[in-house]
Each structure stands twice: as C-alpha cells, then as structure tokens.
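Where does this protein leave room for other molecules, and what surrounds the spaces it leaves? Please look at the model below with these matters in mind.

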Amino acid sequence: MTRRAVIEGAGHYLPDRVVPNSYFESFLNTSDEWIRARSGIERRHFASSSQTTSDLAFYAAKEAIQNARLNVDDIDGIVVATSTPDLTFPSVATMVQAKLEMKTGFGFDVQAVCAGFIFAVANANALIVSGQAERLLVVGSETFSRIMDWNDRSTCVLFGDGAGAIILAADEGAGTSDDRGILSTDINSDGSLKDLLYVDGGVSTSGTSGKLRMQGNLIFRQAVEKLTATTKQCLKKAGLKEREIDWMVPHQANLRIINAVANKMGISMDKIVLTIQDHGNTSAASIPLALSKGIREGKLKCGDLIVSEAIGGGLAWGSAVMRV
Ligand code: ACO
C-alpha cells in the first residue's frame with residue numbers, strides 16, 4: 001500500500017466588487033478590446049479597502065471545510081500560498097488559524113508568487129506522505145490590487161483578488177497511477193531571472209511593500225517553454241501520458257499562454273478549466289479557485305485525472321498531477 005494525499009473538499013471566495021475592462025479606459029490609454037485580445041481577461045474582482053488576504057483565505061477555507069463535511073478540529077495544519085500577506089509577519093496561515101478558531105495544529109506560508117499553490121501542494125503532499133500530518137488545509141489567497149502601479153497599463157489590467165482552498169487528507173492507495181490523490185509534483189526556480197517579474201519594494205530595501213514590475217513579453221516566452229517542460233516531467237514522474245489527462249487546471253495568467261501550452265501538449269481546449277475571463281490573474285489563488293469552480297460546475301468528477309501548472313516571479317514554476 002502507498003500513502004497518498006487525497007482532495008476531500010474545495011472552496012473559494014471572490015470579493016463582491018467586479019471590475020470590467022472598461023473601468024481602465026477611464027484613466028489609462030487602453031481598451032476592452034486590447035485586454036481581451038492580448039490576455040483573455042474580461043473582468044476581475046477587487047477586495048474592498050477593509051478586506052485583507054487572510055479574510056479572503058478564511059472564507060475560502062471555511063467553504064472547503066464545509067464542502068468536505070469536516071470541523072476545524074479535523075485539520076492538522078494550514079499552508080497558505082501568498083505573496084500579498086496582511087503583514088510582514090505573522091503568516092497569513094496563522095491568521096486564518098485564528099479566524100477559524102482552530103486551537104491546535106500549525107500554519108505557515110509559502111511564497112512562490114504565481115506558482116505558490118503548486119509549491120504549497122508539494123509541501124503539503126510531502127508532510128502527509130511522510131506521516132507528519134493526516135489532513136491539511138491548503139489555500140492560495142491574494143490581494144494583488146494592493147501592489148499594482150495604476151499608471152502602468154501593461155500590468156494593472158491583468159491582475160485580480162481572490163482565494164481558493166482545498167483539503168488534502170491521507171489515504172491508502174495501491175501505488176499505481178489509478179490511485180486517487182496527488183500522484184506527482186515538480187517544482188523549479190531560476191533566481192537569475194528575477195528582473196523579469198518582481199515587486200520594487202520590501203522590508204530590507206525600501207521599507208515599503210512596493211509595486212509589481214513585469215517584462216510581460218519575455219515572461220510569455222519563458223512561460224510557454226517552462227510550463228510545457230514541467231508538465232511533461234510531472235506526467236513522466238507519475239508514469240502517465242498526455243492523452244490520459246481528463247482536465248488541465250492551469251494557472252490563469254494569459255489565455256494565449258494556456259492555449260500555447262495546451263497545443264504543445266496535444267490537449268484540446270475543451271479539457272481546460274478556464275476562469276481567466278472572470279478572475280484575471282489571481283496569482284497563487286488562481287489554481288485552487290479554478291479547481292473549486294470546476295468541482296462546483298460538475299466538470300471535475302471523482303476519478304478524473306487532472307494536471308495543474310504555474311509560473312511566476314523568481315522565476316518559480318511547477319506542476320502537479322492528481323486524481324480527484
Ligand atoms: N493597453 C493597450 N496597449 C498596451 C497595454 C494595455 N493595457 N499594455 C501594453 N500595451 C502596449 C505596449 O506598450 C506595446 O506597445 P508598443 O508596441 O507601442 O511598444 C504593445 O501593447 C505590445 O506590448 P507587449 O508587452 O509586447 O504585448 P504582449 O502581446 O506581450 O502582451 C502581456 C502583454 C499580456 C503582459 C503578455 O506579455 C503576458 O501575458 N505575459 C505573461 C504574463 C505572465 O504570465 N506573468 C507570470 C505570472 S504573474 C506573477 O507571477 C505575479
């Protein structure tokens with residue numbers, strides 16, 4: 001028998017304020033047509049000024065716990081992927097722990113920007129498979145609207161706020177790719193590519209939280225190449241082939257990147273869960289948001305084979321193969 005980390009439930013939260021592309025036309029030299037054509041984004045949600053990343057994470061976490069028909073006492077720990085924490089410390093995960101009134105267990109954050117949820121899943125999977133935890137809450141939550149430069153049309157039109165969460169629990173499998181649960185993960189980074197995507201402030205530099213800076217077209221090329229490579233590697237680790245995939249649940253940064261990777265992998269677009277049109281790029285929240293929406297909409301069913309991939313600042317990138 002092989003110990004596996006199985007998805008028991010999922011939840012998500014999107015702030016009430018929906019911002020259409022036309023909003024940006026009032027103060028930037030941009031258009032709804034340009035944003036749709038270049039990115040696939042039609043609208044995004046922005047958190048209210050009183051909402052923090054841990055608030056969004058808490059709502060998504062609560063829904064995931066309810067969806068799995070569990071109580072907080074059933075959870076051993078919380079892993080939150082975020083690059084937009086409420087405070088420099090403590091972690092968002094411990095803030096979620098307090099909001100859930102969870103008195104035991106542990107919480108910590110993972111920071112790998114848009115690839116954060118993949119890194120969080122890889123960590124949570126390792127904790128469960130090694131027997132250090134039985135059941136973990138894994139959350140991706142972001143308020144990227146707080147680090148936008150509203151004068152930079154090449155970045156501020158692309159991002160949104162939101163949160164998604166899943167529950168991963170220990171289960172016994174046969175040790176084959178027919179098992180339910182996380183079947184493989186693949187994580188990578190290359191710090192020499194930092195200047196392609198970064199935030200120009202921080203605790204030990206400016207003392208401010210800074211604004212996002214991105215060389216979008218250079219990232220685009222890196223993304224297509226690296227996302228294809230990691231996805232192929234992850235499938236190889238699981239002993240699976242592209243044709244066996246039921247659904248791809250990719251990081252939602254740009255519809256053209258998603259298209260290009262799917263094309264290289266030979267995966268048809270009707271096998272892809274797409275939320276980018278409604279959410280924009282919600283960084284570490286985008287994959288769990290899409291997973292939760294895909295389950296709610298009845299697309300992702302028990303037994304389906306799913307592959308997720310993401311790339312973000314670092315650069316950091318990776319993928320996960322899982323059977324729901
Ligand atoms: N409206 C109108 N024109 C614009 C806008 C805008 N909002 N933004 C840029 N332009 C202009 C540029 O100034 C440029 O004009 P020029 O030709 O006169 O110089 C022109 O449009 C083309 O610009 P490009 O940057 O070459 O456009 P591109 O087709 O590459 O699309 C985009 C830009 C959407 C940013 C794309 O490159 C992309 O999605 N990149 C990847 C982003 C990504 O995946 N990031 C990683 C995850 S995010 C994270 O980790 C936080």
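In this predicted model, the lining of the second largest pocket draws at least two residues from each of helix 2, helix 6, helix 7, helix 8 and strand 12. Helix 7 gives the most to this lining, with five residues, and the pocket itself has a volume of about 450 Å³. Of the 24 residues that line the second largest pocket, those closest to its centre are L158, M214, G216, N217 and N254. Sorted by class, this lining has 13 nonpolar, nine polar and two charged residues.

The ligand can be considered next. It is surrounded by 27 residues, of which T30, R38, C114, R153 and N254 are the closest. Some of the contacts can be given atom by atom: a backbone N or O atom of R153 lies 2.8 Å from a nitrogen atom of the ligand, and a backbone N or O atom of G216 lies 3.0 Å from a nitrogen atom of the ligand. With R256 the contact is made by the side chain, a polar atom of which lies 2.9 Å from an oxygen atom of the ligand. On its own the ligand has 1,000 Å² of accessible area, and the protein covers 75% of this. The elements that give two or more residues to the shell around the ligand are helix 2 (32-39), helix 6 (153-156), helix 7, helix 8 and strand 12, with the largest share, four residues, coming from helix 7. The shell divides into 14 nonpolar, ten polar and three charged residues.

The largest pocket has a volume of about 870 Å³. It is lined by 30 residues, and the closest to its centre are S83, P85, Q111, V199 and S209. Strand 9 (residues 197-199) provides the largest share of this lining, three residues, while by class the lining holds twelve nonpolar, 14 polar and four charged residues.

Enclosed space remains to be described. A search of the whole structure finds one cavity of 30 Å³ or more, and the largest cavity has a volume of about 40 Å³. Its lining consists of A223, L227, H251, A253, N254, I257, I258, E309 and I311, and the elements that give two or more residues to it are helix 7 (216-238), helix 8 (255-265) and strand 12 (305-312). Six of these lining residues are nonpolar, two are polar and one is charged. N254 thus appears in the lining of the largest cavity, among the residues closest to the ligand, and among those closest to the centre of the second largest pocket.

Terms used
Residues numbered from 1 in each chain as written. Predicted model: local features only at pLDDT ≥ 70, side-chain atom pairs only at ≥ 80, totals over all residues. Heavy atoms only, no water. 1 Å grid on protein atoms, 1.4 Å probe; cavity = no way out; pocket = protein on both sides within 12 Å on 5 of 7 lines; lining within 4 Å. Points joined across faces, edges and corners; volume = space filled by probe spheres on them. Nonpolar A, V, L, I, M, F, W, Y, C, P; charged D, E, K, R; others polar. Near = heavy atom within 4 Å. Polar contact = N/O pair within 3.5 Å; in protein donor to acceptor, adjacent residues only side chain to side chain. Areas by Shrake-Rupley, 256 points an atom, 1.4 Å probe, with all protein chains shown as cover.
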